[in-house]
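Here is a friendly note for a colleague who is new to this structure. Please keep the viewer open and follow the points in order.

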Amino acid sequence: QDCRGDPGVFTATALPGDPRLLPTVTNAFLGTRVFRDILHAAGVYSGAAGDTHRADVPSPLGLRMAAPTAPSLAESFTLNTWTGTFSHTIRSPGYTATHQLYAHHSLVHLMAFSITIERLDASTHPITIQLQSLFVPQSQDLDLTPGPDFQGAHYIYGQTLVPEVEGGPRPTVHMLWTPIPPSLTLAGEERERCWQFLTAVAGSEEEAKRSYSAGLSLLAAGSLLRSHLRAWAALRRGCSVELDGPPALRQALQGCLYYLLSAIPPRDSPAVPFHGISPGGLSNGTRGEDYWGHVFWDQDTWMFPNILLLYPEAARAILQYRIRTLEGARRNAQEQGYEGAKFPWESAATGREVCPEEIYGAQEIHVTGDVLMAFEQYYCTTQDQKLFREDGGWELVEAVAQYWCSRMVWSEEEQLYHIRGVMPPDEYHSQVDNSAYTNAVALNFAADMARDLLLPVPEEWEDCARRIKVPFDEERKYHPEYDGYSPGEPVKQADVVLLGFPLMHPMSAEVRRNDLEMYEPVTDPAGPAMTWSMFAVGWLELKELQRAWSQLEKCFSNITEPFKVWVENSDGSGAVNFLTGMGGFLQVVLFGFTGFRITKSSLLFDPAFPDSITKLKICSISYLGNRLEVTITREEIRMEVTETSQDPPASPLEAVLESGQRFPLWEGQSVSFPTAPGWIQRSPSRTP
């Protein structure tokens, strides 16, 4: 196939000089960076709280093909985001050798690679390819012991060295792998041959062996790669976003979808608990690297909304990670002298604070509101009461509300509640009072949820929510970042602008504009990648298309070539494979260009495209049990319900324009109308 014009296939003839910029192959449980000698397994951390980091698991996958010196070799390296595979090809006049690597998308405990040698001429001499491997079956983070071979595989197992909390669990790792010879030879009489190598990693011997055996039987049937391609293609199809516009934008979009979708649980492995998404993904997070693999608000605020629209089951798994770590969050609150639950700034296996520097864990408390906002968005788009009634969601909502009430203090003077001594999202300021973002994100959902579950609503929740201070400057008509903020003070990253989106804090268009105007020039140009995407969303909201585009273009300085790996900061520093930046970028596409806003009663839309974009097609948006294919051009919006869930039955939907026109959305019937603002809601007249 000719991939030159394909926005989802990235090919290069040389690798980037910085190994951090190599692409990653991951599924929700295992991940590695190509050609690297370690891999990581989800939830496997070693080290006590301030030092806990993703444990290095030695990787048999990090090998490199080399051909005995031949005069005219051509090499190429390809990341194919449609197949979820990475390949390295050596071409010589007489043969090609291809090394292909992938993390199996439905057998999540399995990674595999193959080496294929194909003869291109009529010669009959043997062809040998060297395999240069860095693999040594030992690790500084795991106490590993060799076990007996199993079905031709070598076997090691062991535990992490130091638990996160005293007396806490030390995760176990069991690994089986196909032994790797120093070279492979295509015999004189052979035209082509493919050698396959498996690596299985799991928390128990039984699971590791089961996965390895399953891999072997698929290999014997000739369908190991095919089963991975099928699972991955189904995910990409169901979460497909296509855009007609500049090639760089289309490539960035497919790259972001590849890296973000790699990080979430596949549809057919609900039994494997999900361990959250860290800013650098599962392939990174060794000691001193990419925040050690910890989970931040990056997951709940920056990555989650995209996953929610495209794939609500995976969004649910992310929320279940927070429910599973609720006990740790309760301990965090207790240790600081508050009630309820305080989610950690950096979270690993237990939900206890594992941030190495105390100031963030103590002060950057907006993360607790961010977690709750993800629950709220999920509930508004799915109406899934089971998560709250039966699966622990309500206990979390209640504990967070209790925390905020105990964290606020009443100001007699202002007759408002204050939250004092915090660090806002803008980390250049600490120990400030009444961070506009922190106060606005606190307590926004608990009372509504209680009413929906027919539970009594504590009066205190209503009172605190109604009377919390969100600083506002009446004269300049904008939101100061905190009490005493003076205009022009430098800001590290998107902060107050988040009030408009995703918080949708009530304000006029004039105030929204003033906030953008005030903070855009003072935000650090070297700040993290996701910042500019939120300015872009703001300008799109105000239909300032040129300004939106110039903000979106700033994101491009964080995308590296040739594999579209994002870096946190435009100078190349910070976390690499920065999924947070990708999440912000995807929100410009999925919420900015479409105008989608998740509200209690509907999904709003109000499209706005910068000049260079002519069409956006998303299949599929999930809303109230329906999957919708939405195609937007400047002239028209086309919607079709392509699938409805049976259990529980999906709510019938209709699209309503601001002009009052209504369009019932029936499964299998496409409706279109001129591009205009409106919303999708439950159809009042039809019952499922």
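Where is K543 found?

1. **K543.** The model is predicted, and a good place to begin is the loop between helix 15 (530-541) and helix 16 (545-555), where K543 is found. K543 is not a glycine, yet it has a positive phi of about 65°. Most residues other than glycine have a negative phi. K543 counts as partly exposed because its relative accessibility is 39%, and partly exposed covers values between the 20% and 50% cut-offs.

2. **M504.** Another positive phi, of about 50°, belongs to M504, which is not a glycine either. To find M504, go to the loop between helix 13 and helix 14. With a relative accessibility of 33%, M504 counts as partly exposed.

3. **Two cis peptide bonds.** Most peptide bonds are trans, and here are two bonds to check against that. F501 and P502 are joined by a cis peptide bond with omega of about 10°. P502 sits in the loop between helix 13 (459-466) and helix 14 (509-519), and M504 is in the loop between those helices too. A cis bond also joins E561 and P562, with omega of about 0°. For P562, look in the loop between strand 22 (559-560) and strand 23 (565-566).

4. **S59.** Is S59 buried or exposed? S59 is buried, because its relative accessible area is 2% and buried means under 20%. S59 belongs to the loop between strand 7 (57-58) and strand 8 (63-66). Apart from neighbours within four places in sequence, the contacts of S59 are T32, R36, D37, I38, L39 and F135. F135 lies 76 residues from S59 along the chain, while their C-alpha atoms are separated by 6.1 Å.

5. **R210.** Please turn next to helix 1 (residues 205-220), which holds R210. R210 counts as exposed because its relative accessibility is 55% and the cut-off for exposed is over 50%. Between R210 and T599 there are 44 Å in space, C-alpha to C-alpha, and the two are 389 residues apart in sequence.

6. **Annotated spans.** An unreviewed UniProt entry lists residues 283-486 as "domain: Glycoside hydrolase family 65 central catalytic". In the model that span is 49% helix and 3% strand, with its end C-alpha atoms 41 Å apart. The unreviewed entry also lists residues 597-643 as "domain: Glycoside hydrolase family 65 C-terminal". Residues 597-643 are 0% helix and 66% strand, and the end C-alpha atoms are 22 Å apart.

7. **The whole chain.** What radius of gyration does the chain have? The chain has 26 Å, which agrees with the value near 26 Å for a compact globule of 688 residues. Along the principal axes, the C-alpha atoms fill a box of roughly 90 × 60 × 50 Å. The chain contains 17 helices and 32 strands, and 60% of its residues are buried. Among contacts with a separation of 6 or more, 65% come from residues 24 or more positions apart.

8. **Surface and charge.** To finish, the chain exposes about 25,600 Å², and carbon and sulfur atoms supply 51% of that area. There are 54 positive and 84 negative side chains, and the centres of the two sets lie 5 Å apart.

Methods:
Residues numbered from 1 in each chain as written. Predicted model: local features only at pLDDT ≥ 70, side-chain atom pairs only at ≥ 80, totals over all residues. Heavy atoms only, no water. UniProt positions renumbered as here; feature names shortened; annotations may be inferred. Helix = DSSP H or I, 4+ residues; strand = E, 2+ residues; numbered from the N terminus. Rg over C-alpha atoms; globule rule 2.2 N^0.38 Å. Buried < 20%, exposed > 50% of the residue type's maximum accessible area, 1.4 Å probe, protein only. Contact = heavy atoms within 4.5 Å. Areas by Shrake-Rupley, 256 points an atom, 1.4 Å probe, with all protein chains shown as cover. Lys, Arg positive; Asp, Glu negative; His and termini not counted. Charge placed at Lys NZ, Arg CZ, Asp CG, Glu CD.
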